[in-house]
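Me: I should like to go through the salt bridges in this model. Please start with one pair and explain how it is placed.
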Amino acid sequence: NKNSCVEAGIRGICVGRCKSKEAEIKRINKELANIRSKFKGDKALDGYSKKKYVCKLLFIFLLGHDIDFGHMEAVNLLSSNRYTEKQIGYLFISVLVNSNSELIRLINNAIKNDLASRNPTFMGLALHCIANVGSREMAEAFAGEVPKILVAGDTMDSVKQSAALCLLRLYRTSPDLVPMGDWTSRVVHLLNDQHLGVVTAATSLITTLAQKNPEEFKTSVSLAVSRLSRIVTSASTDLQDYTYYFVPAPWLSVKLLRLLQCYPPPEDPAVRGRLTECLETILNKAQEPPKSKKVQHSNAKNAVLFEAISLIIHHDSEPNLLVRACNQLGQFLQHRETNLRYLALESMCTLASSEFSHEAVKTHIDTVINALKTERDVSVRQRAVDLLYAMCDRSNAQQIVAEMLSYLETADYSIREEIVLKVAILAEKYAVDYAWYVDTILNLIRIAGDYVSEEVWYRVIQIVINRDDVQGYAAKTVFEALQAPACHENLVKVGGYILGEFGNLIAGDPRSSPLVQFNLLHSKFHLCSVPTRALLLSTYIKFVNLFPEVKPTIQDVLRGDSQLRNADVELQQRAVEYLRLSTVASTDILATVLEEMPPFPERESSILAKLKKKKGPSTVTDLEDTKRERSVDVNGGPEPAPASASSTPSPSADLLGLGAAPAAPTGPPPSSGGGLLVDVFSDSASAAAPLAPGSEDNFRAFPKHPRISAGGSEFVCKNNGVLFENQLLQIGLKSEFRQNLGRMFIFYGNKTSTQFLNFTPTPVPRCGLDSLTRTHLNLQTKPVDPTVDGGAQVQQVVNIECVSDFTEAPVLNIQFRYGGTFQNVSVQLPITLNKFFQPTEMSSQDFFQRWKQLSNPQQEVQNIFKAKHPMDTEITKAKIIGFGSALLEEVDPNPANFVGAGIIHTKTSQTGCLLRLEPNLQAQMYRLTLRTSKETVSQRLCELLSQQF
Amino acid sequence: MIGGLFIYNHKGEVLISRVYRDDIGSQIADSALFSSSSLRHSPVDAFRVNVIHARQQVRSPVTNIARTSFFHVKRSNIWLAAVTKQNVNAAMVFEFLYKMCDVMAAYFGKISEENIKNNFVLIYELLDEILDFGYPQNSETGALKTFITQQGIKSQTKEEQSQITSQVTGQIGWRREGIKYRRNELFLDVLESVNLLMSPQGQVLSAHVSGRVVMKSYLSGMPECKFGMNDKIVIEKQGKGTADETSKSGKQSIAIDDCTFHQCVRLSKFDSERSISFIPPDGEFELMRYRTTKDIILPFRVIPLVREVGRTKLEVKVVIKSNFKPSLLAQKIEVRIPTPLNTSGVQVICMKGKAKYKASENAIVWKIKRMAGMKESQISAEIELLPTNDKKKWARPPISMNFEVPFAPSGLKVRYLKVFEPKLNYSDHDVIKWVRYIGRSGIYETRC
């Protein structure tokens with residue numbers, strides 16, 4: 001027997017008696033040497049001593065020491081006929097043998113023999129070993145075998161049980177290797193098996209399988225319902241071994257209820273009636289007095305009950321059941337047991353989203369608010385907040401928001417930010433009048449300013465700007481709020497923005513005259529961080545426009561050394577530009593430039609996006625969607641974003657209105673030699689980014705399902721930059737190309753604080769439709785480390801060889817496990833044909849000579865298109881150089897035209913290219929002409945280059 | 001400054017806990033919700049969990065946990081840890097810990113759990129005396145022994161008390177007045193440990209000697225001593241007067257890289273004249289510590305020869321040569337030849353001494369009791385290996401050696417030690433002086 005064997009190992013090693021670590025290591029070294037000499041020895045060991053030494057090795061390994069021998073002996077044990085020897089062999093193998101071992105064939109053979117042996121204990125051991133190792137290799141070898149054992153008529157119950165669980169394990173590790181076949185229908189009938197253990201194991205298996213292939217296992221519903229009803233209606237003594245503290249087969253019941261949650265409510269009225277009956281019985285039983293005072297009894301009973309409630313919520317079709325479930329949960333809300341209260345709150349959250357039970361949930365509002373105030377466990381309070389959020393509607397919004405606000409002052413730090421977001425959303429969604437909304441948000445900033453994220457105050461401003469009826473009130477309120485001696489920076493931001501826009505609405509009152517407003521804001525100026533100060537500077541210039549009388553004061557401030565010579569570039573630039581603007585421009589121009597912000601386009605609330613991000617995609621989203629559908633007609637304000645919003649990015653709204661001004665390329669024009677300066681656009685875009693609250697486009701890009709994000713055309717003309725970014729991952733690129741070869745460094749940055757597991761990025765060349773047979777690009781990579789620590793970055797090098805010209809860029813597929821879920825990201829790698837461009841210098845004469853040589857109509861491609869960007873000569877030049885061709889000066893008789901030449905290198909051929917770009921400034925149009933010796937190359941290059949201007 | 005000092009046994013149980021500053025008590029307060037009483041012990045627990053019971057052996061003597069630094073030394077199974085939150089001089093802390101070990105050893109012999117438990121009152125008394133608010137104080141064993149005794153509380157007379165006070169706070173805190181010996185005697189030990197790393201071809205990769213001069217003095221009164229050795233700088237300075245002496249003794253002098261002295265040595269005099277003069281404490285003390293790296297006499301040369309015969313066999317031959325005067329005898333020689341981790345059997349033949357394969361240490365240990373200079377000895381071994389499925393190659397760790405020789409490998413010679421006692425009537429000639437040189441191996445390794 002196993003115990004005595006392990007004990008023998010311990011007795012043989014006596015590690016327990018060692019006083020220190022050093023002594024232990026010495027003892028183990030000695031024992032290992034002994035075992036080595038025994039294994040090496042000439043005379044063969046008998047089964048018992050082999051078992052003994054293998055067992056000792058296992059024990060030493062489990063103590064944390066490396067073992068690098070004895071595998072062969074362990075494999076030999078597998079072929080023994082004694083149970084104990086076989087068992088130790090299997091134990092050693094499942095713990096110590098890795099999948100790429102040479103012994104794997106021998107092991108697989110031994111397992112096959114045991115599976116075929118018809119000896120139930122041996123079969124059990126073999127199945128356990130397969131399941132414990134559970135590797136892909138195991139799945140490859142046995143995924144066909146195990147289902148046969150499972151459905152064979154003469155298999156023993158215990159083996160069936162093991163086989164079901166083993167198959168489940170294999171299916172979880174490598175679902176693609178488990179073949180679906182006729183065994184599936186027979187597995188379903190295991191739900192009718194006599195042996196409850198088999199049924200329990202089979203239910204687990206079927207639930208997992210049904211989640212992937214619901215159609216194939218549809219028949220399991222009726223079987224599960226009948227099995228469930230038999231269990232539920234049975235007396236507590238009927239099931240003997242499977243009755244746990246007077247609850248009949250609780251585990252099986254829970255599993256069956258879970259299985260049923262994979263499917264919609266059954267259509268057959270008989271089955272449906274029977275299920276409803278079951279659920280009612282379960283709810284009834286909850287009301288009965290407990291049969292035992294033991295905690296296990298109530299735990300088991302409640303587990304079944306909660307699973308039944310989740311099923312009711314999942315079906316969401318029986319109003320009667322829903323209301324009963326809600327009432328049952330209501331009772332739990334005041335239960336002594338903390339776990340029960342937690343679970344009740346959690347389930348109620350989902351109940352609240354059902355139209356049948358929403359009203360019923362609302363009746364518990366006082367209890368929930370009470371829970372929020374008195375509950376000792378923070379996780380329970382968190383659930384209470386969730387529930388309040390879920391049950392909120394127009395009728396109780398005022399009360400709930402007020403409660404949440406008052407709770408916020410004492411709330412636990414960890415959940416403050418979430419409460420703030422929720423209050424902000426509720427206040428906005430159910431606002432009866434916007435004055436109340438503004439008050440609430442300002443209160444929010446006052447109470448928990450640190451937790452008010454950018455999105456919240458962006459949203460206030462969006463709303464205030466879009467509704468003229470609150471603007472005056474908002475200006476007055478922020479003015480009053482700013483009077484407080486110490487106010488939070490976020491309040492200063494809101495105040496600065498609103499006064500800058502609508503300060504004129506309250507300027508009539510002498511208590512808030514322009515100068516008073518300015519002085520009030522400026523008194524906060526020096527205590528603020530740089531971004532806030534930048535915002536305040538914008539406010540000041542807006543004041544210059546609104547109130548000409550304070551212009552000198554503001555100019556003085558701007559002229560001060562602390563602004564004009566500020567160490568921060570952003571502040572300095574703003575000060576210089578605003579000062580110039582205020583002195584140079586006439587009032588008309590000022591009024592035009594600094595006009596009031598136009599209303600924002602309506603779209604999904606950025607706060608909501610933020611909350612979704614915080615909670616993870618699944619839970620809140622659907623709740624949100626259903627809730628929003630209900631509230632659309634009630635509330636005109638925040639229209640839900642159209643579903644297509646994610647594909648067409650809404651125009652990035654620039655809240656400050658001024659972001660665009662510094663964003664224009666004011667920097668020095670790029671020198672003609674520097675190809676790197678091409679990315680002025682992206683630079684200015686990133687400089688403007690902190691001002692632009694429209695950055696929630698990022699959140700939307702959060703890919704729940706793999707979607708190839710368009711590998712930007714901005715990479716056509718440059719080699720380095722950020723390729724992709726979402727909440728979890730950032731991918732950066734650095735690449736270099738030489739003739740037909742290239743090397744790309746891809747940097748994967750983990751933006752979260754948790755590890756990514758199984759991180760596998762694989763670049764795949766895509767074949768164009770024209771040639772499925774051969775590849776145009778050869779990509780070579782080394783696999784990267786499969787775990788990426790939080791905040792860490794890993795690098796991957798891709799070697800690229802261009803075989804022939806191509807159009808489709810390769811795709812980078814990234815898979816990894818984050819938290820519990822698999823993430824899939826696909827990005828187009830910016831490897832385009834022009835990367836293999838080598839510039840060629842030539843004289844005007846040469847150029848035109850070659851140009852004429854390439855006069856064949858297939859060789860020329862021309863495209864006339866409208867300019868997408870401002871037509872700046874220097875930028876265009878830089879782009880052509882960045883594109884890869886040489887820029888030939890003084891070739892074209894018209895100096896406004898651009899002419900380039902170069903050679904595209906591929907492994908098979910070299911293609912000369914000539915290009916000519918003729919801008920037409922009046923019409924804002926370009927004409928691009930390309931002549932190359934190869935038609936496809938001309939086509940592709942023309943496409944690529946046209947996108948750039 | 002040191003915030004506290006803890007002594008643990010090997011299980012991590014606290015034997016001695018002395019907290020000097022409050023700041024170390026509260027650092028883990030923010031993270032865990034402990035009651036205030038357990039808070040006081042949190043640094044104690046932190047060290048146990050993170051160092052003594054650490055999964056991986058902690059090799060760094062300084063560990064930082066929750067912005068608190070733990071400096072530890074280990075003596076047999078006992079851990080001594082000094083704890084601080086401040087940016088303290090680590091060398092000072094370790095110096096103090098070593099001194100603390102010396103003091104404890106001087107009071108009750110070997111530092112063991114048993115001895116610490118038996119003397120815990122004494123240890124607390126010592127800790128009160130040698131550390132004050134975390135600042136190290138007088139830790140001179142001789143001086144401490146005059147007022148901290150193992151005889152329990154001895155009530156002192158006022159006179160005695162004032163005498164102790166004046167001595168401890170006076171200029172010469174390490175020696176009391178009125179010591180008298182019938183026979184004035186002193187012992188001088190030059191103890192050196194030589195460290196070496198040699199390539200298989202016999203090239204010296206690194207070598208240095210760290211030495212100590214330990215003195216045991218039984219002298220009456222307040223004697224003034226002057227110590228002279230063959231320090232290069234001193235010899236050269238003197239050599240300026242007489243040119244011929246320089247050429248004669250130039251070869252004999254040694255270059256000392258750095259040295260430290262006992263507190264009794266007058267540093268100003270050393271700085272200006274490079275002469276070492278002092279009033280010694282009574283009994284045993286360490287006069288100086290030094291390090292040299294040039295012209296080291298390597299007492300032994302190890303010549304390894306390792307041949308791999310196929311995957312399952314290894315032949316090792318090691319020759320050692322002694323490299324000093326034939327009249328001298330080296331003692332306690334031990335050569336340790338590491339064996340691969342998959343060794344399954346070893347046969348050894350050696351010309352001299354005894355050799356044995358020690359499986360528990362994964363090494364062949366060859367011991368020779370005595371060996372004269374300019375001799376040579378050899379060992380050969382056949383190692384059988386068990387084929388493993390591990391493709392890692394054997395890293396071939398270096399062959400290490402231990403020995404003891406009766407000379408100083410650095411070449412240091414004591415030139416004189418003069419004693420002056422102007423008040424009492426004994427002169428330098430009346431003092432009996434003993435000088436001894438012992439050279440030991442430190443880390444003495446040869447790669448193979």
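Reply: In this predicted model, Glu382(B) and Lys313(B) meet through their side chains in a salt bridge, at 3.7 Å from N to O. A salt bridge is a side-chain nitrogen of Lys or Arg within 4 Å of a carboxyl oxygen of Asp or Glu.

Me: Which parts of chain B does the pair of Glu382(B) and Lys313(B) tie together?
Reply: Glu382(B) lies in strand 20 (residues 376-385) and Lys313(B) in strand 15 (residues 313-322) of chain B, so the pair ties together parts that are 69 residues apart in sequence. Strands (E, at least two residues) and helices (H or I, at least four) are DSSP runs, numbered from the N terminus.

Me: Is Glu382(B) buried or exposed?
Reply: Glu382(B) is partly exposed, at 33% relative accessible area. Buried means under 20%, exposed over 50%, and partly exposed in between (1.4 Å probe, protein chains only).

Me: And what about Asp45(B) and Arg48(B)?
Reply: They form a salt bridge whose closest N and O atoms are 3.0 Å apart. Asp45(B) and Arg48(B) are three residues apart in helix 2 (residues 42-52) of chain B, and therefore about one helical turn separates them.

Me: How many salt bridges does the structure hold over all chains?
Reply: The total is 44. Lys26(A), Glu334(B), Arg336(B) and Glu361(B) are linked in a network of them.

Me: What conventions apply?
Reply: Residues are numbered from 1 along each chain as its sequence is written, with chains lettered from A and ligands numbered from 1 in the order written. Local features need pLDDT of at least 70, side-chain atom pairs count only at pLDDT 80 or more, totals for chains, interfaces and linings use all residues, and side-chain values use heavy atoms, leaving out hydrogens and water.
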